[in-house]
Amino acid sequence: MVIRVALSGAAGNIGYALLPLLASGYVFGSNAVELRLLEIPQAVGSLTGSKMELMDCSFPCLTDVIITTDPLVAFNNADVIILVGGMPRRKGMARKDLIQANTKIFSSMGKAIEEVASSNVKVLVVANPANTNCLVALTEASKIPTKNFCALTYLDHQRAKGQIATRLGMSANSIKNVTIWGNHSETQYPDALSGGYCVAKDGTKVPLSEMLANDIDWATTDFIYDVQNRGKAVIEARGLSSAMSAAQATADCLRTWLVTGTKTGETVSMAVYNDQGYYGVKEGIVFSFPCECRNGEWFVKEGLQLSDFSRNKLNITEAELVEEMAAAHELIGTSPAPVKIRTVSMSTCSSGSSLATTATESDMSVCLTSRM
């Protein structure tokens, strides 16, 4: 079985850091992988160098590397599509302008996916504004199940775990079930208290609400602010946007979603199409929830008890996403009514096996790696 993986914005910093994770078996295990790398014409030279390096690594799982500027070639019968390429926000650019510029790109990406991708392709959107870019793409790809799309908030999830672990003097791997609610933006709500816990050295699960009982002010102020603004802090310190961490989060999200699943009782944060009005959030937007993964599917974990404080935070990020949705629909001329839910079998690969163990040149010319 060969898994056909398409990656847009492949020559950017995130793409460069992501390629070895996709080719080495880290994400897809021992399955053979064919990489389709999509870029604008100006970046093909750089991408050719990346292809040379992939060859030089002699990854045993990598069967072929295809470089193209045509999404119809990159997405043809693809099993997994990772959309990293998008227009970054420029100085002085209003958020609505950013949304509409990316809406053009992701409308064309969605149409190309609709035309040539596997009917059960899985699509992960990384480029910002990720939630609304994802919504635009899935709206245009009407034959693909809405559950086959996801926008990346796994990076925020990992950032939150890192902040809590540092605060408590523990390893990040011991922190479980923190949740990023809402948008991948500064309105997101990093939530340590609604179901989060820590695994002690003896294996005991201790709720974070207990461990942070004397530090609630931090958990509801500085912690939230620091996670919301972590990308900006990285840029200020490094002079460049997050690439290594964004690539790692992308790889971990794909592996958890499509291959390993989550462990029993554990959740990860994924921005998914809200078809059920989970937690009272408006239907028809892509919203980050606590999710369990199994057999290549995500399932929103329901039943968490949310405080009034948390409800207010969800309302704030929901309002931003509704506004973004309206701005996007204004451009593509579709109604902001919820997309009809589309379903298909659990199989992920175009071959039928499970993984579980038309764009114009003017549109594509702005497909640059987005800041995370």
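Is W181 buried or exposed? It's buried, with a relative accessible area of 0%. Keep that residue in view, since we'll come back to it after a look at the whole chain. One thing to know before we start: what you have in front of you is a predicted model.

Let's zoom out. The chain has 372 residues, and 57% of them are buried. Its secondary structure comes to 13 helices and 16 strands. As for the outside, the accessible surface adds up to about 14,800 Å², with 50% of that belonging to carbon and sulfur atoms.

Now let's go back to W181 and look at the aromatic rings. The chain has seven aromatic pairs. One of them joins W181 to F289: the ring centres are 6.3 Å apart and the planes meet at 85°, an edge-to-face arrangement. Try finding both on the model. W181 is in strand β9 (residues 179-181) while F289 is in strand β14 (residues 286-294), so this pair ties together parts of the chain that are 108 residues apart in sequence. F289 is buried as well, at 0% relative accessibility.

F289 has another partner, Y279. Here the centres are 6.4 Å apart and the planes are at 25°, so this pair counts as stacked; the cut-off for stacking is under 30 degrees. Y279 sits in the loop between β13 (268-273) and β14, and F289 is in β14 itself, so this contact links parts that are 10 residues apart in sequence. Y279 and F289 are both buried. Put the picture together and you get one aromatic cluster made of W181, Y278, Y279, F287 and F289.

Rings can have charged company too. The charged end of K147 sits over the ring of F299, 4.9 Å from the ring's centre. In another spot, R255 has its charged end over the ring of Y26, and there the distance to the centre is 4.2 Å.

Our last stop is an open space, the second largest pocket, which holds about 450 Å³. It's lined by 19 residues, and the closest to its centre are Y154, K161, N173, K176 and E266. Which elements each supply at least two residues of this lining? They include helix α6 (154-168), strand β8 (175-176) and helix α11 (244-260). Sorted by class, the lining has nine polar, six charged and four nonpolar residues.

Notes: Residues are numbered from 1 along each chain as its sequence is written. This is a predicted model: local features need pLDDT of at least 70, side-chain atom pairs count only at pLDDT 80 or more; totals for chains, interfaces and linings use all residues. Side-chain values use heavy atoms; hydrogens and water are left out. Rings of Phe, Tyr and Trp (its six-membered ring) pair if their centres lie within 6.5 Å; planes under 30 degrees apart count as stacked, over 60 as edge-to-face and the rest as tilted. Helices (H or I, at least four residues) and strands (E, at least two) are DSSP runs, numbered from the N terminus. Buried means under 20% relative accessible area, exposed over 50%, partly exposed in between (1.4 Å probe, protein chains only). A charge sits over a ring if NZ of Lys or CZ of Arg is within 6 Å of the ring centre and within 35 degrees of the ring normal. Accessible areas come from the Shrake-Rupley method with a 1.4 Å probe; for residues, only the protein chains shown count as cover. On a 1 Å grid over the protein atoms alone, a cavity is a set of points where a 1.4 Å probe fits but cannot get out, and a pocket is an open set with protein on both sides within 12 Å along at least five of seven lines; lining residues have an atom within 4 Å of a point. Grid points are joined across faces, edges and corners, and a volume is the space filled by probe spheres set on the points. Ala, Val, Leu, Ile, Met, Phe, Trp, Tyr, Cys and Pro count as nonpolar, Asp, Glu, Lys and Arg as charged, and the others, Gly among them, as polar.
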